[in-house]
Amino acid sequence: MKTIILIGANGKIGQAALTGLGKHKIITAGRAAGSYDYQVDITSVKSLRKLYEDVGHFDAVVNAVGVCEYANFTEMTEEQWMNTILSKMMGQINIVRIGQEYIADNGSFSLISGILNEKPLPTAIADATTSGAIDTFVKCVAFEMPRGIRINSINPTVLEEAWELYGEMMPGFQPVPGALVGKAFERSVDGFITGQVIFVDA
Ligand SMILES: NC(=O)c1ccc[n+]([C@@H]2O[C@H](COP(=O)([O-])OP(=O)(O)OC[C@H]3O[C@@H](n4cnc5c(N)ncnc54)[C@H](OP(=O)(O)O)[C@@H]3O)[C@@H](O)[C@H]2O)c1
């Protein structure tokens, strides 16, 4: 049994990840006070460091957080770009940058990207760009991870559980059940692969 910090556990991807991590001890973390074992804001390095120091020993970090802003490229503001970059890109990079100081030997990081960098959609340019950045980050940083630490990203299409929210803006996409995305997180945490983008598409 591994001890896993699951960041964003109450979100749709967080709930999907949980379905694949049933045999482990899960420590939940997220932004809303009182909703998780530990409160964390992934856009704050200070908050991430406090999370790792407060938890103590852990074998894996699974991140299901990456806030994205949506607008047509010609209308997207600097602020919308920066909100997306600071959460989905730098938030996740900092989860790893700070976390590698604290995680157990042979531990693992599993990050979230998303299919829109492979299958673009109108208004999703910031999501697509930062998802692409995260996929590139895990492929390249895997070579530099110390102490046997592994890192992968999960790149899912839209979840069945989120179809009501996003289906209208995703014509021609086939949603997948959250449990399939849970399997991808399970492969990342319990397998031996590293530097991989694990696609989950229909
Ligand atoms: N849903 C899909 O079908 C799907 C498919 C592919 C990829 N993705 C990607 O997966 C990621 C998560 O999407 P989702 O649909 O699961 O979103 P969601 O349901 O809105 O959940 C977001 C989670 O992130 C937490 N959170 C937000 N900002 C945070 C911060 N600064 N620090 C810590 N926690 C924070 C929220 O916590 P609180 O509740 O405490 O605010 C919540 O638990 C996104 O990057 C999205 O692009 C989603």
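Select Ile7 in this predicted model. Ile7 is buried, with a relative accessible area of 1%, and it belongs to strand 1. Show its surroundings: leaving out residues up to four places away in sequence, Ile7 touches Ala29, Val40, Ile42, Leu51, Val61, Val62, Asn63, Ala64, Val65 and Ile95. Now pick the C-alpha atoms of Ile7 and Val62. The two residues are 55 apart along the chain, and these atoms are separated by 6.3 Å.

**Helix 2**

One of the contacts of Ile7 is Leu51, and Leu51 is among the buried residues of helix 2. Select helix 2, residues 45-55, and colour Ser47, Leu48, Leu51, Tyr52 and Val55, which are buried. Turn the view to look down the axis of helix 2: the buried residues fall within an arc of 135°, so they line one face of the helix. On the face turned away from that buried side, select Lys46, Lys50 and Glu53, which are exposed.

Next, display what lies over the buried residues of helix 2. The cover includes strand 1 (3-7), strand 2 (25-30), strand 3 (38-39) and strand 4 (60-63). It also includes helix 3 (78-99) and strand 5 (108-112). Before leaving helix 2, step to Gly56, which follows it and has a positive phi, near 85°.

**Helix 2 against helix 3**

Keep helix 2 and add helix 3. Their axes are 10 Å apart and the packing angle is about 45°. Angles that are neither under 35°, nor over 145°, nor from 65 to 115° count as oblique, and helix 2 and helix 3 are therefore oblique to each other. Helix 2 passes helix 3 in a right-handed crossing. To see the contact, select Val45, Leu48, Arg49 and Tyr52 on helix 2, and Gly91, Asn94, Ile95, Arg97, Ile98 and Gly99 on helix 3. By class, the residues of this contact divide into 5 nonpolar, 3 polar and 2 charged.

**Helix 3 against helix 4**

Hide helix 2 and bring in helix 4, residues 125-141. How far apart are the axes of helix 3 and helix 4, and at what angle do the helices pack? The axes are 9 Å apart and the angle is about 15°. Helix 3 and helix 4 are therefore roughly parallel to each other. The crossing of helix 3 with helix 4 is right-handed. On the helix 3 side, select Trp81, Thr84, Ile85, Lys88, Met89, Gln92, Ile93 and Val96. On the helix 4 side, select Ile125, Ala126, Asp127, Thr129, Thr130, Ser131, Ala133, Ile134 and Phe137. The contact of helix 3 with helix 4 has 10 nonpolar, 5 polar and 2 charged residues.

**Loops on either side of helix 4**

Most residues other than glycine have a negative phi. Two stops here have a positive one. Select Thr123, in the loop between strand 5 and helix 4. Its phi is near 70°, and at 26% relative accessibility Thr123 counts as partly exposed. Then go to Arg147, in the loop between helix 4 and strand 6 (150-156). Phi of Arg147 is near 55°, and this residue is partly exposed, with a relative accessible area of 35%.

**Thr157**

Continue to Thr157, in the loop between strand 6 and helix 5 (163-166). Is Thr157 buried or exposed? At 5% relative accessibility, Thr157 counts as buried. Apart from residues up to four places away in sequence, Thr157 touches Ile115, Phe173, Gln174, Val176, Val200, Asp201 and Ala202.

**Helix 1 and helix 6**

Finish with helix 1 (residues 12-19) and helix 6 (residues 178-190), whose axes come within 6 Å and cross at roughly 65°. That makes helix 1 roughly perpendicular to helix 6. The crossing of these two helices is right-handed. Select Ile13, Ala16, Ala17 and Thr19 in helix 1; they meet Gly178, Ala179, Val181, Gly182 and Phe185 in helix 6. By class, this contact has 6 nonpolar, 3 polar and no charged residues.

Now show helix 1 alone and colour Ile13, Gly14, Ala16 and Ala17, which are buried. These residues cover an arc of only 160° around the axis, which puts them on the same side of helix 1. Restore the rest of the model to see what covers them: strand 1, strand 4, strand 5, strand 6 and helix 6 are included. Strand 1 is where Ile7 lies.

Terms used
Residues numbered from 1 in each chain as written. Predicted model: local features only at pLDDT ≥ 70, side-chain atom pairs only at ≥ 80, totals over all residues. Heavy atoms only, no water. Axes fitted to C-alpha atoms, helices over the stretch in contact; angles between N-to-C directions. Helix = DSSP H or I, 4+ residues; strand = E, 2+ residues; numbered from the N terminus. Left-handed = near helix turned anticlockwise from the far one by under 90°. Contact = heavy atoms within 4.5 Å. Nonpolar A, V, L, I, M, F, W, Y, C, P; charged D, E, K, R; others polar. Buried < 20%, exposed > 50% of the residue type's maximum accessible area, 1.4 Å probe, protein only. Arc of directions from axis to C-beta.
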